[in-house]
Structure formats: structure tokens, C-alpha cells
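Biologist: I would like to learn how to read a model like this one. Can we take it feature by feature?

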Amino acid sequence: MTDELGESFRQSRRELTFQLGTWTIFAAWVVGYGSNTAFEAESETVVTTLGMPSWIVWGIAVPWIVAFAITVFFAGWFMKDTALVDDSAESTDAAESQGSLQQESVES
Amino acid sequence: MTGVLASAASDSAIVSFSVYLAVVFLLAWLANRAQSGKSFVGEYFLGSRNIGLWGFALTYAATAASGGSFMGFPSLIYTHGWVLAWWIAGYCMAPLIALGLLAKRINQVSRLAGAITVPELLRKRFDNQTVGTVATLMLVVFMFFFLLAQFKAGAEIMTVLLSDVEFVQQAANATEARLDGWRWIGEADGDFVLCLLFFAVAVVVYTSYGGYLAVVWTDVMQGIVMLIGVLIMLGLALWQVGGLESATQQLARMTPPEFGKATIDSPVDEDLDLRKGTWLQTQAGGIARLNENVTITEGIEPEVEVLFLTRDDSAYQQLEGKLPPHITAVETPGSREKLAYGSDKAGVYVSAPGPHKDNPTGFLPVALALSFFVFWNFSGAGQPSYMVRQMSFRDTRILRRSMVMVAVFFGLIYFPLVVIFTSARLLLPGMEVYADRIMPEMASHLTTAAGIPWLAGLLFAAPFAAVMSSVDSFLLLLSSGIVRDIYQQRINPDAPDSTLRKLSYATTIIVGLLAVVAMLNPPPFLQTLIVFASAGLGASFLAPVAMGLFWKRMTGEGALAGMFSGATVILVLYSWQYWQTGEFGPYNVMGLDPFVWGALISAFSVVIVSLTSPAPPAPLVEKYFGRD
């Protein structure tokens with residue numbers, strides 16, 4: 001049980017690394033692109049792509065679509081299923097819960 | 001209510017909206033029946049940890065898409081323009097981070113601990129009663145602020161929906177007369193008070209009666225309503241503005257309207273009541289909108305606050321021939337309040353940083369854009385209301401599929417909202433006087449102009465669903481904090497189910513009543529309140545929970561330090577801003593939102609205090625992390 005739990009924890013840590021790394025790349029893309037292009041337009045005409053200001057399309061809409069693809073990859077292939085502990089034996093009833101807490105305290 | 005452009009919802013809209021409410025109550029009743037015969041607390045507060053794909057994905061997404069998303073966010077888009085797409089862009093990562101970062105470990109650890117609330121999870125993870133108590137107190141305080149904003153949003157939607165119903169208006173006038181002169185609530189509009197009461201009763205009844213299962217089931221229905229509502233609005237808005245390209249180019253030509261003072265010149269002999277929102281011709285040939293109610297009596301030309309439209313081409317076309325005859329507004333020289341950024345600037349609605357009343361660097365400078373990219377993801381991951389949902393899914397397959405489903409949901413909600421409400425500036429000019437009502441007004445306008453007023457009921461239901469699905473979750477979270485974490489754990493561990501049930505009902509009702517009283521004199525900007533509460537919860541809980549799930553060496557003392565320091569930073573920075581400006585809002589040190597500082601200092605405190613306190617006992621670590 002604890003070996004399985006240890007492996008599951010290590011897998012969760014790998015997933016965490018992937019998630020934080022991906023977030024960092026997207027933060028750089030979205031904030032970086034916007035800071036370079038979104039402040040230019042101060043006139044009565046605006047450069048558009050698909051009817052939207054172009055900086056919105058390349059700095060927000062496209063990253064959003066790519067982020068969706070990465071989410072699908074992460075959820076479909078990278079993230080591993082883990083057998084979650086069945087807590088049905090553990091009561092959520094207060095009395096038992098409090099009892100087990102007191103027992104833990106005694107043991108420690 | 002708001003003038004010549006937006007007509008109120010028709011009777012048929014009210015009927016379809018009533019059908020929606022009836023379904024909500026039916027689901028609550030069914031949920032209550034489904035829970036009978038099961039252990040009360042586990043079922044009532046967590047649905048016995050047996051929530052499937054649709055339930056988990058949509059309860060998460062619907063709770064995230066709160067009154068802020070459907071009332072405050074549209075108001076900000078309307079006021080500041082396309083830059084709001086940049087502001088919300090962090091949501092592209094939300095399924096991966098806000099939902100996926102902690103979900104698997106939270107579910108796993110909460111099962112190992114037998115915990116059904118976030119404070120209980122922390123208490124058991126660190127085997128420390130004080131951690132649980134402090135977590136409960138922080139949750140209750142910040143969550144109450146969150147709840148306040150949702151109550152206001154719910155009441156605003158009802159107000160617009162019922163604005164043309166005669167008996168409601170009569171009741172509203174009577175209420176207003178009765179409240180006149182009272183401290184605190186005397187300023188409240190009668191219709192707002194009535195709608196607030198109706199909303200509070202509706203949501204408190206179905207939440208307290210149906211518990212977590214009712215919240216999940218109604219969230220599924222509400223999530224679907226939101227999605228359909230937004231997509232219909234998107235189609236109607238694009239059609240009515242003549243396509244996205246046309247809307248963007250028109251928006252590029254517009255400059256922000258400005259508040260100022262004017263005297264009302266009217267040749268009428270009798271008294272004349274003009275309601276807030278009335279459009280007026282100005283003496284200089286422009287257009288202005290009243291920002292307060294005014295009574296004109298013979299011989300007196302009152303000075304009133306108005307909103308002056310500037311170069312609002314579409315507004316001029318729409319208003320031509322619809323302004324009250326013989327009444328003109330004479331601008332008081334020097335009274336116009338220029339914006340700190342954006343006045344007279346064409347292109348300000350289609351570029352960054354967006355116009356801003358007080359901030360000379362505009363609405364969204366780069367540092368703040370980065371702050372919000374951090375905020376939406378990590379504050380989201382740190383919200384106890386989401387953590388509770390992450391404890392409730394049945395298995396990790398459901399989590400993986402839900403991430404994809406939530407990604408689709410967010411993509412189809414948030415980006416279209418930006419398109420819809422940048423278009424709203426063209427269709428409904430001058431809504432700055434009713435900034436928080438732009439969503440229901442737009443729903444009413446779009447459907448009326450399309451000749452399908454009955455559809456307004458569904459579109460009204462979308463933001464209402466967003467508000468309800470958040471309020472029910474927060475009410476339940478508050479109720480669980482008080483009943484489970486305080487009463488059951490510390491006062492009466494042997495309390496029978498019947499007592500816990502009564503106490504849960506009573507807690508939900510009392511919290512609802514307190515929220516109503518507080519909201520009788522609501523603050524003007526909904527979104528500020530929501531961002532404050534989110535920042536407080538995120539900064540207090542993110543580091544202690546996330547590090548507690550992934551760092552074996554972390555101690556209870558470290559968790560306490562993290563919660564205290566995170567909450568303190570948020571309170572200090574918001575108080576400092578209030579002290580400096582007299583307005584409730586965030587004080588951005590180095591341009592970064594208080595949440596970023598709060599979360600960083602909280603994480604730093606966790607590390608320092610954990611490393612300087614005794615290491616946790618090995619059995620406790622092995623229980624939650626397994627063997628190396």
C-alpha cells in the first residue's frame with residue numbers, strides 16, 4: 001500500500017513539474033507578446049485578423065488554442081491513473097473521526 | 001429602467017426564467033430524497049465522494065464562472081475594451097493549473113485522512129488542531145466577502161428582469177418610501193431590496209434543503225444554461241453589430257465618455273421627475289445621460305451629475321429622435337472629469353492598457369497583466385471551494401476527462417464574453433451609469449431587437465445560473481466550516497445526524513440573512529470585492545495546502561505561518577489603498593497584484609517556519625506520502 005502510494009506521489013510530482021513548466025512558457029508567450037504589440041494602436045484604425053485586433057489573435061486566441069491541445073495531451077497521455085484509496089472503511093461520521101484522531105494522538 | 005435603448009424583459013421572458021427556477025427547486029428536492037438514509041455529513045457536504053464526469057466537470061466550471069464572470073467581467077469589458085481578453089487570458093491554463101495542479105493529491109490525501117472539508121484536511125495532514133481552527137476562521141471571513149458580491153449580482157439581475165412588472169414597481173416604491181431615512185439601508189433602491197430578498201430566499205432554500213448533491217446537480221444544469229446563453233448572445237451580438245470586423249473598427253474610433261455636471265433646462269410648468277439613466281440633448285448639440293434621479297420644479301434648474309458621450313457615432317445614430325423634447329442639459333464649465341488615462345484617445349478600446357478613471361498608466365499595464373496570469377491560475381488552485389470539489393470525484397479517469405471538458409467550457413465562455421461586451425459598447429452606449437447591469441441589459445436588448453423577447457428568459461438565466469451555482473457552493477462551504485469544523489470537531493463530537501442537519505440548515509439561513517443585510521447598501525464595483533476575497537483565500541490557502549500535499553518536511557507551524565502571512569499581506573495592501581485613496585481596491589506594489597505578494601510571502605513563510613520547527617513524525621509522513 002505505502003509503496004503504491006510512494007510511486008503515486010512521485011508520479012504526481014512529475015505531473016506537477018510538467019504543469020508548472022507549461023504555465024511558465026505560456027505566461028512568457030501571452031504577457032510577452034502583448035507587452036510588445038498591444039500598446040501600439042492609438043489611432044482610429046486598427047489592424048485586424050479574423051475581425052479582431054491582430055494582437056488579440058496572436059497573443060491570446062492562438063495561445064488559448066495551443067493550451068487546449070496541451071491540456072488534451074496532458075489529460076490523455078501524460079497524466080497517469082492512480083488507484084485512489086477507498087475510504088469507505090473510514091467513517092466520515094464525527095464520532096469515529098474524532099475517535100481516530102484521539103487514537104493517532106495517543107500513538108504519537 | 002435604464003432608458004430608451006434597453007427595454008425590459010417581456011412577460012414571456014419572466015415565464016421562461018420562472019421555469020428555470022422551478023427546475024432548480026425540483027433538482028434540490030430530488031437531491032434531498034437521494035440522500036435519505038445515508039450518513040448526513042459525508043453526503044450533505046461532499047456527496048459521498050462519488051461524483052461522476054459531468055457532475056465534477058460542470059460543478060467545477062460553474063462554480064468558477066461566478067457572478068464575477070457574468071456580471072463584473074462584462075462590466076469591465078464594457079468599460080475598458082478588448083484589453084480584457086489579455087486580463088482573462090490566464091484562463092487558457094486554468095484547466096491544467098487551477099483544476100489539475102492539486103486535484104489528484106487533494107483527493108488522495110483527503111481519502112487517506114477521511115477529511116471532507118479543507119480545514120479538516122489541513123488539520124489531519126499536520127495532526128494539528130490549531131491549523132484546522134485557523135483555516136476555518138479564515139475560510140469563513142474571506143468566503144463571506146465572496147458571498148456578498150454574489151448576492152449583489154443575483155439581485156441586480158432580478159432587478160432588470162422585473163423592472164417592467166407593475167406590481168413589483170409598486171412594491172418597490174412602497175419599500176423605498178418605508179426605508180427612506182434609515183441609516184445604512186436608506187440609500188438602497190426599493191427594487192434592489194426586493195430582488196435581493198427574493199434571490200436570498202431562493203438560493204438559501206434550495207442549498208440548505210438539497211446539500212452538496214443539489215449543488216452539483218443544479219451546477220450541471222446551470223453550466224449548460226450558461227454555455228447555451230453565451231453562445232446565443234454571441235450570435236445575436238455579432239449579427240446586430242454587422243460582424244466582428246465592423247464592430248472592431250467602430251470601437252477603434254470611439255473615445256471614452258466622461259462624467260460631469262450639468263443644469264437641466266426645461267420650459268415645463270409642472271414638476272417633472274427624471275429617472276437616472278434618462279438621455280438628454282446637451283445645449284452644445286451633444287448627448288448626455290443622467291447619473292441620478294432628479295425632480296425639476298418650476299423656476300429651479302437643478303445641477304445634476306451626468307455622463308457626457310464623446311465621439312460615440314453609433315450612439316448618436318441610435319438616439320436620434322428618441323431624446324425628450326424641450327429638455328436640455330447645460331454643461332457646467334470645468335466640471336468634466338477627464339480620465340487619468342484614455343480621454344480623447346481613439347483606439348483606446350482596442351489596445352492595451354485600456355482607459356482608466358484614476359490610474360495614469362491605464363487599466364492593465366504589463367506588470368498587472370502578468371499578475372492576472374498568475375492570479376487566475378494559482379489563486380484558482382488555492383480556492384477552498386474548488387479544493388472541496390477536487391475531493392469529491394470518483395476516480396482519476398474522471399479527473400482527466402474533466403480537465404478537457406472544463407477547457408472546452410472556459411474557451412467557449414470567456415473569449416465569447418469579450419466579443420459580446422466589446423460589441424455592447426456599440427449597441428448600448430452610456431451604460432457607465434449602470435456598469436454592473438450590462439449583462440442583463442444586453443440580454444434584454446439583444447432579444448428584443450431580434451424580435452424574440454421570450455429568449456431573454458434563458459439569457460437572464462445564464463448569469464443568474466452563474467451566480468446561483470457559486471452562491472450555493474459558498475454557502476455550503478461556510479456551513480460545513482461551522483458545522484463540521486467547529487461544532488462537530490470542537491464542541492459536540494457525538495452530535496446525532498438530526499442535530500447536524502438542523503444546525504446546517506440554520507447556519508445557511510443565518511449566513512444568507514447576514515449577506516442580505518450587508519448588501520442592502522452595496523459597494524459600486526462587484527469585481528473588486530470578488531478579487532479581494534479570491535486573493536485573500538488564494539494567498540491564505542494555496543501555499544499551505546499545495547506544499548502540504550507535495551513537501552514531506554512541511555509542519556503544522558509552517559502551515560499556520562503561511563496562512564497568517566498570506567492573509568495579512570492581502571489585508572494590509574487593501575487597507576493601505578483604502579487609506580491612501582478612500583476607495584476599496586488593491587494596492588499594487590511594483591505594479592503586481594496583492595495576491596502575487598501574498599502567495600509568495602506565504603510560501604516563503606511556510607518554508608522558513610517548517611525548517612525551523614521540529615520535523616513531522618515519520619508515521620505521519622508515511623501515511624500521506626508512502627515510502628521512498
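Modeller: We will go from confidence to the chain interface, then to the domains, the barrel and some single residues.

Biologist: Where do I start with confidence?

Modeller: Start by noting that this is a predicted model. Then look at the scores. The model has an ipTM of 0.83 and a pTM of 0.83. Chain B averages a pLDDT of 85, and 91% of its residues score at least 70.

Biologist: Over which residues of chain B is the pLDDT below 50?

Modeller: Residues 1–8 of chain B. Beyond near neighbours in sequence, that stretch has 26 contacts in the model.

Biologist: Now chain A. How many helices and strands does its secondary structure hold?

Modeller: Chain A has 3 helices and 2 strands. Along the sequence they follow the pattern α-β-β-α-α. Chain A has 108 residues, and 30% of them count as buried.

Biologist: How do I read the interface between the chains?

Modeller: Take the residue counts, then the elements, then the chemistry. Here 58 residues of chain A are in contact with 64 residues of chain B. On the chain A side, the elements that give two or more residues are helix H1 (2–37), strand S2 (52–53), helix H2 (54–78) and helix H3 (94–107).

Biologist: Which element gives the largest share of that side?

Modeller: H1(A), with 19 residues. As for chemistry, the residues of chain A that touch chain B divide into 29 nonpolar, 18 polar and 11 charged.

Biologist: Next, domains. What is the division of chain B?

Modeller: Check whether a domain is one segment or several. Domain 1 of chain B covers 11–246 + 350–625, and domain 2 covers 257–331. Their centres, taken over C-alpha atoms, are separated by 38 Å. The contact takes 6 residues from domain 1 of chain B and 10 residues from domain 2 of chain B. On the domain 1 side, the residues divide into 4 nonpolar, 1 polar and 1 charged.

Biologist: Which strands of chain B close into a barrel, and in what order?

Modeller: Follow the pairing from strand to strand. In chain B, 5 strands close in the order S1-S6-S4-S3-S7, with mixed pairing. The twist averages 50° from one strand to the next.

Biologist: Walk me through the pairs. What about S1(B) and S6(B)?

Modeller: Strand S1 (residues 258–265) and strand S6 (residues 303–308) of chain B pair in the antiparallel sense over 6 bridges. B:Ala262 stands opposite B:Val304 in S6(B). S1(B) is also joined to S7(B), antiparallel, by 4 bridges. There, B:Ala262 stands opposite B:Glu331 in S7(B).

Biologist: And S3(B) with S4(B): parallel or antiparallel?

Modeller: Antiparallel, with 3 bridges between strand S3 (residues 279–282) and strand S4 (residues 287–290) of chain B. B:Gln281 has B:Ile287 as its bridge partner in S4(B). The hairpin of S3(B) and S4(B) has 4 residues between the strands, and B:Gly285 in that hairpin takes a positive phi near 90°.

Biologist: How do S3(B) and S7(B) run?

Modeller: Parallel, with 2 bridges joining S3(B) to strand S7 (residues 328–331) of chain B. B:Thr282 has B:Ala329 as its bridge partner in S7(B). B:Gln281 stands opposite B:Thr328 in S7(B).

Biologist: Take a loop residue. Why does B:Val433 count as buried or exposed?

Modeller: Count the C-beta atoms around the residue. B:Val433 is buried because 20 other C-beta atoms lie within 10 Å, and 20 or more is the cut-off. B:Val433 lies in the loop between helix H16 (396–427) and helix H17 (438–449) of chain B.

Biologist: What is B:Val433 in contact with, leaving aside its neighbours within four places in sequence?

Modeller: B:Lys276, B:Gly277, B:Arg289, B:Asn291 and B:Leu307. B:Lys276 is 157 residues away along the chain, yet its C-alpha atom and that of B:Val433 are separated by 8.1 Å.

Biologist: Which backbone angles should I check?

Modeller: Look at omega and phi. A cis peptide bond joins B:Ala352 and B:Pro353, with omega about 5°. B:Pro353 lies in the loop between S7 and helix H14 (366–381) of chain B. B:Asp344 lies in the loop between S7 and H14 of chain B. B:Asp344 is not a glycine, but has a positive phi of about 65°. With 12 C-beta neighbours inside 10 Å, B:Asp344 counts as exposed.

Biologist: Where is B:Met590 found?

Modeller: In the loop between helix H21 (556–581) and helix H22 (594–612) of chain B. B:Met590 has a positive phi of about 55°, although it is not a glycine. B:Met590 counts as exposed, with 8 C-beta neighbours inside 10 Å.

Technical notes
Residues are numbered from 1 along each chain as its sequence is written. Chains are lettered from A and ligands numbered from 1 in the order in which they are written. This is a predicted model: local features need pLDDT of at least 70, side-chain atom pairs count only at pLDDT 80 or more; totals for chains, interfaces and linings use all residues. Two residues are in contact if their C-beta atoms, placed from the backbone, lie within 7 Å. Ala, Val, Leu, Ile, Met, Phe, Trp, Tyr, Cys and Pro count as nonpolar, Asp, Glu, Lys and Arg as charged, and the others, Gly among them, as polar. pLDDT is the predictor's confidence in each residue, from 0 to 100. Two strands pair if DSSP finds at least two bridges between them. Axes are lines fitted to C-alpha atoms, for helices over the stretch in contact, and angles run from 0 to 180 degrees between N-to-C directions. Domain bounds come from an automatic or database domain assignment.
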